[in-house]
Amino acid sequence: MNTKILIADDEIRFRKLVYDFLTKEGYEVITAKDGKEAIEFFLHENDINLVILDVMMPYFTGFEVCKEIRRTSKVPILMLTALGGEVDEINGLNLGADEYITKPFSYEIFMARVNSLLRRTNKISQNTVFLEGISINDKTHEIIIDEKIVEFSPKEYKFILYLVKNLGRALSREQILNNVWGYDFYGDIRTVDTHIKSIRSKFGKYGEYIQTIRSVGYKLEVKK
């Protein structure tokens, strides 16, 4: 999957310059001409990996866009601005920006900051499995659904991981019991159904990802 970057800057020549920098490096780029368009694009594109914001833009400033994005997302944000004052930089960082670069800047410095931010993000995502609307961090054992942490029991968590590792594959109740509960489990096989019911409930609208396979068992299938 390509790395997707959103650029928001009202200055056409500068927007094109940054666009050329990034596409030259193989990144997929979306451009917005003002703060309003930046927010709209971000809300409708669910796989943006980095946001680059100019500060002074019509409708909404880069600071306001940054604040709006931080309400729902931890995507890395790089601020690009002609405002070089310390107060402005502190304001941007306090609102949730990860980096702050003052115009003008060199190609080398810009790309070094971009690549550094993306590497940092990738180190986090290496431990995380992403489904549509759901992320599972196998390092912290946190499951985030629509940006909110949802609590699962250790057994439910292990069950979910087993389904994820077998994405799209029909699993019998016996397979699930043996791999989640262990071969020495002598309880009722219906415990699988009970746990499925609980997981579906906690998944909310994504509960339909867990499909019942008649006369077999269950399958995790993510609908695009």
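**Exercise 1. Place Lys-197 in its secondary-structure element and decide whether Lys-197 is buried or exposed.**

Solution. Lys-197 is found in helix H8, which spans residues 191-203; helices (H or I, at least four residues) and strands (E, at least two) are DSSP runs numbered from the N terminus. The model is predicted, so that local features need pLDDT of at least 70 and side-chain atom pairs count only at pLDDT 80 or more, while totals for chains, interfaces and linings use all residues. Residues are numbered from 1 along each chain as its sequence is written, and side-chain values use heavy atoms, with hydrogens and water left out. Next, the relative accessible area of Lys-197 is 65%, and Lys-197 is therefore exposed, given that buried means under 20%, exposed over 50% and partly exposed in between (1.4 Å probe, protein chains only).

**Exercise 2. Describe the setting of Asn-137 and find what its side chain approaches.**

Solution. Asn-137 belongs to strand E7, residues 134-137, and is buried because its relative accessible area is 15%. A polar atom of the Asn-137 side chain lies 3.1 Å from the backbone nitrogen of Thr-140.

**Exercise 3. Determine which annotation covers Asp-54, and which residues Asp-54 touches.**

Solution. The unreviewed UniProt entry carries the annotation "modified residue: 4-aspartylphosphate" at Asp-54, and such annotations may be inferred rather than shown by experiment. Within the model, Asp-54 lies in strand E3 (residues 50-54) and is buried, since its relative accessible area is 5%. Leaving aside residues up to four places away in sequence, Asp-54 touches Ala-8, Asp-9, Asp-10, Gly-62, Leu-80, Thr-81 and Lys-103, where contact means heavy atoms within 4.5 Å.

Technical notes: Polar contact = N/O pair within 3.5 Å; in protein donor to acceptor, adjacent residues only side chain to side chain.
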